[in-house]
Amino acid sequence: MRELLRRSITGVIYVVLLLGTVFLSSDAFDFLFMAFGLACLYEYKRIVRLKGYYLFAAYLALWWIFIYLTNDSTAITLLMLLTITVDVALLMFLFSKKPRTFTDVQKFVIGLFYVGGGCIFLTMIPYKQDQFAQFLIMGIFILIWVNDTFAYLVGRLFGRTKLFPSVSPKKTIEGSVGGLIFALVAAYFLSWYETRLSIMEWMAMAGVIVVAGSLGDLLESKFKRLAGVKDSGAILPGHGGIWDRLDSLVFAAPFAYLILTIFSYVS
């Protein structure tokens, strides 16, 4: 009971912090996710045992360039393709049954683009159509939260078939399907409030967010399993680390940005 109360209090504080920064100002949102990116990278470095501070410096440089210094579509597309390429390569690592070790250079590249690039695109999403789209980014948060919540609840009630037992023994196929269905329902209602996307675009966004987010969750679980740790950190009582909370969003963000780019070309 005490653990549930602690998790609930931490969860409420986390949600209020996100909502507060989104609706306070764009600068507050930018700074929050810059700080979240640094926290995720710190936890990632600890898990993969990468020494030095070069990764922090490279991330901050990339973040500053793409958030404040350039709107060049070619540069943004290049960063997006690099980030997605690293993410896809990591999926091969996720599904491989062979033991895999990374060099320090590979750990640096993975951290910079998978974690750092994900946080950068998460920060860039609400600016995709120039103005700061508060309800668009909140909609993406809601899709992730709805998927996570109902995947857990449906899995607890009806889960029988393990999804990926070698990486995440508690996740089930039934839970994943339940999370997707409720996320699609949430996307339908979100289309009433955020009209920059049509109902079909919200549905497509939900599908991308749920699939990519679930893969991101599994990927972080594999990194933790190989490191022999349960959580990426302990900064959030009852929830683990910042990377534990953002693993789905970090992996899904460049794919969400890609689909928003596709929508802008076909609409």
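Lys 224 counts as buried, at 11% relative accessibility, and I would like to start there, with the reminder that what we are looking at is a predicted model. The side chain of Lys 224 meets that of Glu 220 in a salt bridge, with 3.5 Å from N to O, and Glu 220 is also buried, its relative accessibility being 1%. Because these two residues are 4 apart in helix α8, they are separated by about one helical turn. The pair does not stand by itself, since Glu 220, Lys 224 and Asp 244 are linked in a network of salt bridges.

How many salt bridges does a search of the whole structure find? The count is 4, and I will take two others in turn. In one of them, the side chains of Asp 217 and Lys 171 meet at 3.0 Å, again taken from N to O. This pair links distant parts of the chain, for Asp 217 sits in helix α8 whereas Lys 171 sits in strand β2, residues 168-172, and their positions lie 46 residues apart in the numbering. Asp 217 is buried, with a relative accessible area of 17%, while Lys 171 counts as partly exposed at 27%. In the other, Glu 194 forms a salt bridge with Arg 196, and the closest N and O atoms are 3.0 Å apart. Here Glu 194 counts as buried, at 4% relative accessibility, and Arg 196 as partly exposed, at 34%.

Let me move from charged pairs to the interior. The largest nonpolar core has 82 residues, and those with the most contacts inside it are Tyr 114, Ile 125, Phe 141 and Phe 223. The largest share of this core comes from helix α9, residues 242-266, which supplies 14 residues. If you would like one residue to centre the view on, take Phe 223: leaving aside neighbours within four places in sequence, Phe 223 is in contact with Ile 47, Val 48, Leu 90, Phe 93, Phe 102, Ile 110, Tyr 114 and Trp 243. Tyr 114 therefore appears twice in this account, once among the residues with the most contacts inside the core and once as a contact of Phe 223.Now to the cysteines, where the question is why the structure holds 0 disulfides. The sulfur of Cys 40 has its closest cysteine sulfur in Cys 119, at 4.7 Å, which is too far for a bond. Seen from the other side, Cys 119 has its closest cysteine sulfur in Cys 40, again at 4.7 Å and too far for a bond, the cut-off here being 2.5 Å. As for their surroundings, Cys 40 counts as buried at 0% relative accessibility, and Cys 119 is buried too, with a relative accessible area of 0%.

Turning to the surface, there is a nonpolar patch of about 1,200 Å², and the residues that make it include Leu 163, Ile 173, Phe 182, Trp 192, Ile 199 and Met 200. The elements that give two or more residues to this patch are α7, residues 173-193, and α8, residues 199-227, and α7 gives the most, with 9 residues. Leu 163, for its part, lies in strand β1, residues 162-164, and is partly exposed, with a relative accessible area of 33%.

Helix α7 also holds Ser 191, and is that residue buried or exposed? Ser 191 is buried, with a relative accessible area of 10%. Not counting residues up to four places away in sequence, Ser 191 touches Ile 199 and Trp 202, and Ile 199 is one of the residues that make the nonpolar patch. The C-alpha atoms of Ser 191 and Leu 136 are separated by 9.7 Å, with the two residues 55 apart along the chain.

I will finish with a loop position, Gly 52, which lies between α2, residues 26-48, and α3, residues 54-69. Gly 52 is partly exposed, with a relative accessible area of 28%, and its C-alpha atom is separated by 33 Å from that of Gly 20, which is 32 residues away along the chain.

Note on methods:
Residues are numbered from 1 along each chain as its sequence is written. This is a predicted model: local features need pLDDT of at least 70, side-chain atom pairs count only at pLDDT 80 or more; totals for chains, interfaces and linings use all residues. Side-chain values use heavy atoms; hydrogens and water are left out. A nonpolar core is a set of buried Ala, Val, Leu, Ile, Met, Phe, Trp, Tyr and Cys residues joined through side-chain atoms within 4.5 Å. Buried means under 20% relative accessible area, exposed over 50%, partly exposed in between (1.4 Å probe, protein chains only). Contact means heavy atoms within 4.5 Å. Patches are made of residues with over 30% relative accessible area and no salt bridge: like charges are joined within 9 Å, nonpolar side chains (Val, Leu, Ile, Met, Phe, Trp, Tyr) within 5 Å. Accessible areas come from the Shrake-Rupley method with a 1.4 Å probe; for residues, only the protein chains shown count as cover.
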